[in-house]
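Subject: Structure handover

Hello,

Here is the structure I said I would pass on. My notes on what was found follow below it.

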Amino acid sequence: MVFTVIIEVAGTVDRDALHDAVAFATGRNPLCLSTVTTDFLGRKFWSLEHDHQPEIYWCDNGPPPAAWSRQPDLNDEVGVRVLVEQQPDQATITVKFHHAVTDGVGSGQWIDDFLVRYATLTSP
């Protein structure tokens, strides 16, 4: 169960700044850095995975990669993905959230953190 947030921006996306902004926003929401783990008794629980970050897919021409379309497996990956579709003068940034890691209010905070951090890194 996922939902998406689409952000339209003018110009070219700075890849390094975007990676940093995604890591920053995700770090402020611990469930966005977590996976589901099963203990020896078969009980499932959230496990904070500092070495996992959301997948970021870049699409300059053509369709998004197949991995973008599949449902996230919270046993193996965190519940946030980002797709950047860069055109010559604009870009579309699509963020896909698994509903188990955040709701609409939490995703709004993630987007706010992401945009503020990105603007801070790219402003003169």
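Cysteines first. C32 is buried, as its relative accessible area is 0%, and C59 is buried too, at 5%. Both values fall under the 20% cut-off for a buried residue. The disulfide count for this structure comes to zero. Please keep in mind throughout that this is a predicted model.

Now the overall picture. The protein has three helices and six strands. Along the sequence they come in the order β-α-β-β-β-α-β-β-α, so the pattern begins with a strand and ends with a helix.

On overall dimensions, the C-alpha trace spans about 55 × 30 × 25 Å along its principal axes. The radius of gyration is 15 Å, which agrees with the value near 14 Å that a compact globule of 124 residues would have.

Of the 124 residues, 40% are buried. The accessible surface comes to about 7000 Å², and carbon and sulfur atoms hold 55% of that area. As for contacts, take those with a sequence separation of 6 or more: 67% of them are between residues 24 or more positions apart.

The charges are as follows. There are 17 negative side chains and 8 positive ones. The centres of these two sets lie 6 Å apart.

Two other residues are worth a look when you open the file.

H98 belongs to strand β6, which covers residues 90-98. Is H98 buried or exposed? With a relative accessible area of 13%, H98 is buried, because that value is under 20%. Which residues does H98 touch, once its neighbours within four places in sequence are set aside? The contacts are M1, V2, P72, L74 and G79.

Q87 sits in the loop between β5 (80-86) and β6. The relative accessibility of Q87 is 41%, so this residue counts as partly exposed; the range for that class runs between 20% and 50%. Q87 and G11 are 76 residues apart along the chain, and their C-alpha atoms are separated by 8.4 Å.

To set the individual residues side by side:

- C32: buried, 0% relative accessible area
- C59: buried, 5% relative accessible area
- H98: buried, 13% relative accessible area, in strand β6
- Q87: partly exposed, 41% relative accessibility, in the loop between β5 and β6

That is what I have for now.

Regards

Definitions and conventions: Residues numbered from 1 in each chain as written. Predicted model: local features only at pLDDT ≥ 70, side-chain atom pairs only at ≥ 80, totals over all residues. Heavy atoms only, no water. Helix = DSSP H or I, 4+ residues; strand = E, 2+ residues; numbered from the N terminus. Rg over C-alpha atoms; globule rule 2.2 N^0.38 Å. Buried < 20%, exposed > 50% of the residue type's maximum accessible area, 1.4 Å probe, protein only. Contact = heavy atoms within 4.5 Å. Areas by Shrake-Rupley, 256 points an atom, 1.4 Å probe, with all protein chains shown as cover. Lys, Arg positive; Asp, Glu negative; His and termini not counted. Charge placed at Lys NZ, Arg CZ, Asp CG, Glu CD. Disulfide = S-S within 2.5 Å.
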